[in-house]
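Trainee: I have a structure open and do not know how to read it. Can we go through it feature by feature?
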Amino acid sequence: MAWLNMGSCTGVHTSLLCLLSLLLPLSEVSCQGPQELGVAPRFLFTHPLYNATVYENSAARTYINSEVRMGISLVLCSWEIQTKGGNSAILNREIQDSYALTVKATTKGGLEASTKVNVQVLDMNDLPPLFSPIAYSITISESTPLGTSVAQVTATDADIGCNGEFYYYFREKVENFAIHPTSGMIYLSAKLNADKKKSYDLEVFAVDRGMKPYGNNDVSSTAKISVYVERVNEYAPTMNIDVNIPSLLDKNPVYAVVTVEDLDNGLNGDIEWVSIVAGDPLEQFVVDRSAVGNEYKIKTSEPVDWDSFPYGRNLTLQAKDRGLPPKFSDFQLDREYTSTFSLRIEARDKAKKGSQRFSVTLLTVSLEDVNDCTPTFIPNIYNTRIPEDLPMGTIITWLESQDPDLGPGGQVRYNLLNSFNGMFEVHRNSGAIRLAKELDYEDQQFYNLTVQASDNGQPISLHSNSFVEVEVVDVNENLYAPYFSDIALKASVKENSRIGTSVFKVTAKDNDKGKDGDIRYSIRGVIYTTDTLDHETKDSYWLTICAADRGVVPLYGTIEIYIQVGDVNDNAPLTSDPIYHPTVMENSPKDVSVIRIQAQDLDASVSGDRLSYRITSGNPQNFFAMNPKTGKPSQMLASLWVILYLTSRQWLGQFGFEMG
């Protein structure tokens, strides 16, 4: 509760105590009592309740704003509330957004009046978005499909309105990852390879959309994401075997040459061994690895009695890579890898005398196809950006796939598993995706289509899925930043101008259209005063004006304004001392210099030689005179001491003193 002493004097200082120990003193009150004005004693506030506003973090002695003038129904009486200077407590909307104040006024005549003031604390963009947590650590497989969401960062902002809305972006351009500006979802945008790069350190900025007069430093925060790429053993080794029938004359016969291939990189692609896992119970065969490459030769470890094996030997081989976990591959017939085999067949007799007779023929074995391969999309995931005003029927992308099977098993047809209510359609055979309905950027900016490729194989049709990420681009895409015609401007305003005085109007331009071309200013398009200016305290200001557009990711332009505070004659001259005690000898002759008064004026427009001096009181007999330009008084009469003596007795007597 605050008290106003409404006496007859003016300039009464009062103070107002509100919550959180925040002192809000009233400004000076200039009132006259009703009895002194000769009117009936009606002592009431103009309203029983006042609604006022003030911005948080306001400087000391900032006046609150009220739609109506706050005062008492007396002539020449009004009052205002301002924040108290010299107090460490400041208004903080996030802690308390309103105050209910009670103001009570009294007069010396005993009249009282009270009213209530509701003060709403307005939000300033004083808090940056805050990440929680501020550090993230994730591990993803190098085989993660493109477009997969791998992480999501979250931030909050205690400000309200556009001051509390924010967007995310990477501090530096990142090739392998992309972040959604509003959801904070991080997506994989390029293929990972643990052998080339095992980890990524990402920095995400969160910047709010409020006014930023001092740049992004005070209204942004950072989160760090450590991404570790996990090597994946994706492929199993595959073997290609060339069978050989050696001559009986070979001293170190080779029965087959095995070539092993693994599509993985690094250790996952290294072959640890190739082994005979079946068909050699007597362990008569060995696998001999070549010194270079992944080539292996099948040889015998001891002589083999081929008469005991009239139909040959059927060996089963297996290859193992060095991946974690390792993968194994068994040899099997695969038409897509090797479609034919050429076998050399030898028939030999068993002559006991003389040389044996034999003949050789070649047998070509062709493998028949079965539908064992699924269609594969090329690439794995599709990305496309299209403007929102794209005409219906326009092809936005083409699907492509391959199926190595023959016949119907290799014929591929396409289908959309989700068309977003018929917004898109795909041609069954060509894979062309067309726009079927009109787009609207304001309704939806992203579409994630699921497409399917199926073959015509029998008895079972095989299929695979892929994704088409469609981004709708605003036709008014924010391409240009706002700009000012000048680099810097100059303006002026007189000191003591009323709060709200228009100082200067700045104009920025933006070549974008729509909301991307709408401009908002950090200090307003029209610069006006928010407090009383004082030339003697500060005679000029440099302001940085920031113009921002209303794009999804706003762009900015700045200009410097130099404002000169003009001087007015608002300061009275001040003497060097408030009281002087000069002495003069009795019987001094006329025109004796007694003392020189020196004064100065803080106003810039008033110099020392423009001051004038005169004696205003205490010299009824005109014993003293003063030079109006120099301030030097002089004695006029020789009998001055008698007059001074008598004058001193008269003055001292008025104050209850006696002289001996």
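Mentor: Let us start with one residue, Val470, which lies in strand β34. Keep in mind that this is a predicted model.

Trainee: Is Val470 buried or exposed?

Mentor: Buried means under 20% relative accessible area. Val470 has 1% relative accessibility, so Val470 counts as buried.

Trainee: Which residues does Val470 touch, leaving out those up to four places away in sequence?

Mentor: Val470 touches Thr384, Ile386, Ile396, Phe424, Gln445, Phe446, Tyr447 and Leu449. Now look at Asn383. Val470 and Asn383 are 87 residues apart in sequence, yet their C-alpha atoms are 6.1 Å apart in space.

Trainee: What share of the contacts in the chain with a separation of 6 or more links residues 24 or more positions apart?

Mentor: That share is 65%.

Trainee: Which strands pair with β33?

Mentor: Take β34 to begin with. β33 and β34, residues 463-473, pair in the antiparallel sense over nine bridges. Within that pairing, Leu449 has Val468 in β34 as its bridge partner. β30 also pairs with β33 in the antiparallel sense, over five bridges. There, Val412 stands opposite Asp455 in β33.

Trainee: How many residues of β33 are buried?

Mentor: Eight of its ten residues are buried, so strand β33, residues 446-455, is mostly covered. As a general idea, side chains in a regular strand alternate between the two faces of the sheet.

Trainee: How many helices and strands does the whole protein chain have?

Mentor: The secondary structure comes to two helices and 46 strands. The chain has 660 residues, and 36% of them count as buried.

Trainee: Now the nonpolar cores. Which residues touch the most other members of the largest one?

Mentor: The largest nonpolar core has 25 residues. Val153, Tyr168, Phe177, Ile186, Val204 and Ile225 touch the most other members. Several strands feed this core: β9, β10, β12, β13, β14, β15 and β16 each supply at least two residues.

Trainee: What does Val153 touch, not counting residues up to four places away in sequence?

Mentor: Val153 touches Phe131, Tyr136, Tyr168, Ile179, Ser183, Gly184, Ile186, Val204 and Ile225. Another core, of 23 residues, lies apart from the largest one. Its members include Tyr382, Ile386, Leu435 and Val468.

Trainee: How is a pair of aromatic rings described?

Mentor: Two values describe a pair of aromatic rings: the distance of the centres and the angle of the planes. In this structure the count comes to twelve aromatic pairs. In one of them, the rings of Phe177 and Tyr200 have centres 5.4 Å apart and planes at 75 degrees, so the pair is edge-to-face. Phe177 lies in strand β13 and Tyr200 in strand β15, so this pair ties together parts that are 23 residues apart in sequence.

Trainee: Are these two rings' residues buried or exposed?

Mentor: Phe177 is buried, with a relative accessible area of 3%. Tyr200 also counts as buried, at 9% relative accessibility. Phe377 and Tyr382 form an edge-to-face pair too, at 6.4 Å centre to centre and 85 degrees between the planes. Phe377 counts as buried at 6% relative accessibility. Tyr382 counts as buried at 6% as well. Elsewhere, ring pairs link Phe131, Phe166 and Tyr168 into a cluster.

Trainee: Where does Lys538 lie relative to Tyr541?

Mentor: Lys538 lies over the face of Tyr541, at 5.2 Å from the ring centre.

Trainee: Let us turn to a loop. Where is Asp405 found?

Mentor: Asp405 is in the loop between β29 and β30. With 5% relative accessibility, Asp405 counts as buried. A polar atom of its side chain lies 2.9 Å from the backbone nitrogen of Cys373. Asp405 is also in contact with other residues, including Arg335, Glu336 and Gly410.

Trainee: Which residues does a cis peptide bond join?

Mentor: One such bond joins Ser132 and Pro133, with omega about 0 degrees. Pro133 lies in the loop between β8 and β9. Another joins Ile378 and Pro379, again with omega about 0 degrees. Pro379 is in the loop between β26 and β27.

Trainee: What is phi of Glu283?

Mentor: Phi of Glu283 is near 55 degrees, a positive value in a residue other than glycine. Glu283 sits in the loop between β19 and β20. At 62% relative accessibility, Glu283 counts as exposed.

How values were computed:
Residues are numbered from 1 along each chain as its sequence is written. This is a predicted model: local features need pLDDT of at least 70, side-chain atom pairs count only at pLDDT 80 or more; totals for chains, interfaces and linings use all residues. Side-chain values use heavy atoms; hydrogens and water are left out. Helices (H or I, at least four residues) and strands (E, at least two) are DSSP runs, numbered from the N terminus. Buried means under 20% relative accessible area, exposed over 50%, partly exposed in between (1.4 Å probe, protein chains only). A polar contact is a pair of N or O atoms within 3.5 Å; within protein, one must be able to donate a hydrogen and the other to accept it, and residues adjacent in sequence count only if both atoms are side-chain atoms. Contact means heavy atoms within 4.5 Å. Rings of Phe, Tyr and Trp (its six-membered ring) pair if their centres lie within 6.5 Å; planes under 30 degrees apart count as stacked, over 60 as edge-to-face and the rest as tilted. A charge sits over a ring if NZ of Lys or CZ of Arg is within 6 Å of the ring centre and within 35 degrees of the ring normal. A nonpolar core is a set of buried Ala, Val, Leu, Ile, Met, Phe, Trp, Tyr and Cys residues joined through side-chain atoms within 4.5 Å. Two strands pair if DSSP finds at least two bridges between them.
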